[in-house]
Amino acid sequence: MADYDVVVIGAGCGGLTVGALLAKQGRKVLIFEQSDRIGGCCSTFETDGYKFDLGASLIEDAGVINWAFERLGTTLWDEVKLTPCDPTYTVILKDGTKIRYPISSEKSAQEIGKISPEDGKQWFAYADYMQGFLDAALEGFFTAPANTLGDMVRMFAKTPKLLKYGALFFSSYQDVIKKYFKNEKIRESLSYQTLYGGLPPELCPGYIAMIPWSEHDGIYYSKGGMIGIPDALLRCGKKLGMEVRLNALVEKVLIRNKRAVGVALSDGTEITSDIVISDINAKKLYLEMIGEEHMPWLARIGVKSYEYSMATPMFYLGVDYKPPLEGHHTLATIPMDEMNGYWWNEYSKNHFPYEQFGIISWTSGSDPSLAPKDHHVIILTLALGPYRLSGTSWDKEKTILMEKIIDYMSKKYIPGLVDHVKVAILSTPLDFERSLLSPEGAIYALRQDVPHTTVFRPAAKSKSIQGLYLVGASTHPGGGVPTVIASGMIAADLIEKYE
Amino acid sequence: MKRIFAIVVVLGTSVLGSHMLNDSKKRFFKELLKQVPYLIPRYFV
């Protein structure tokens, strides 16, 4: 008899969701987490009195996250203290123009209309189309398995409306934005969210262009930091008997007769289980922790062909002044063509210039308890950062990069910053790999273009190993807090059906 | 004869199509086409 019914590798949001849901099914669940805290990329750490979110810095698509809590017999709103953020975001264009996007669609249209009356009207056409897609996607895509062609047929049969939006999968992000908006400033103001898909505007699938709209459905911040979400999942799971062991590194998945039968830890301990669930990068799982000898030849080629998603350096700043920012999220953007150029001429050539664009998260603006009195927390999600730097290394460049980026940000986006920094921590792609064991620091595990989605992304129910299931950014529906939580719901449903 | 005709039509359409696409669109489709050989293997993962 196995030690546990279910062993989960990784206490990210996907692992915690599936763990808690399976505990609710009455199964004996144990989660192993290699680090000293839960949450993976959705976590919070403290340094010198400042609390910094490791990666994710706000909650979108709260409805999807709430579904998981409802399945656990509660609600997101009961478990996590959420602060609504309005405006959704403020954009600072390269030329310094500021455009606010309030939660209210009408007010956003007015803001756009101040720059381009025509595009202000077009906002509603864009919003209508994207809301239609979002409704269809929420109904049929996010929590439905996409393991086989049969699953895809069932997905479209259940939600035929999805077919109407097929063109979004074969056009690019910039095609969609340019179709609706003619003014270059407005286009630029809607450009940054392409990176939520991990690709530049000309390569990113068109359906990602729903994000500037979907954020108007409401965005929230978790009081105390983003760790509030995984903490709540952990609390719910523990009530149902789920166990979590921190600082426990799983080195191997034990395979007998093509079936996962447990895991081996780095200290040599072996824990047996009927089901193994992976919440880590699928490429790492199959190639390092299982071994290609356990996979059919086609699957081996498939796994090796996956490309990692982009990495992005994070800059955590504790400051002793109130920064002149307007809201939780400020997007420092560049025109779409320049973002494409950045991909080909900088990122792809392993360069990382200090003239950065990205997300400026003023988290203590939403929750002052994150910093000492009269101090604040600013987190910069910088532009794409290559895993390797041409002619040098992240470790060598770190100190000088920090100084240059602070100086640049101070001059261009956050006046006064340079004189008020008390704590500065730069987390490079290499640091992400070291701390989260995420290969090449990939924040969405694998690329998120069409050839890496649905049936082409590693299946939630392994096709090579029986009793092995996948959750997290590596599997359908992909990277992001609501989507990895959705992957946990999908895996729990599959396990209930097959195991 | 039919085969030659079909090949000419496919090639002609491809050449014409590629001339009609701007550089961004060409790169978009090039990235997709680059991954086509891996779609079947990926289906088995």
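User: What do the buried residues of H12(A) pack against?

Analyst: They pack against strand S10 (250–256), strand S12 (270–278), H13 and strand S18 (468–470) of chain A. Heads-up: this is a predicted model, where local features need pLDDT of at least 70, side-chain atom pairs count only at pLDDT 80 or more, and totals for chains, interfaces and linings use all residues. Residues are numbered from 1 along each chain as its sequence is written, with chains lettered from A and ligands numbered from 1 in the order in which they are written.

User: Why is H12 called a helix?

Analyst: Because a helix is a DSSP run of H or I with at least four residues (a strand is a run of E with at least two), numbered from the N terminus. H12 of chain A covers residues 282–290. Just after H12(A), Gly291(A) takes a positive phi of about 100°.

User: What makes Leu285(A) buried?

Analyst: Buried means that 20 or more other C-beta atoms, placed from the backbone, lie within 10 Å of a residue's own. Leu285(A) is listed as buried, as are Tyr286(A) and Met289(A), so they each meet that cut-off.

User: How do you know that chain A touches chain B?

Analyst: A contact needs C-beta atoms, placed from the backbone, within 7 Å. By that rule, 20 residues of chain A are in contact with 14 residues of chain B. Helix H13 (residues 297–305) of chain A gives the largest share of chain A's side, six residues.

Methods. Contact = placed C-beta atoms within 7 Å. Buried ≥ 20, exposed ≤ 12 C-beta atoms within 10 Å, placed from the backbone.
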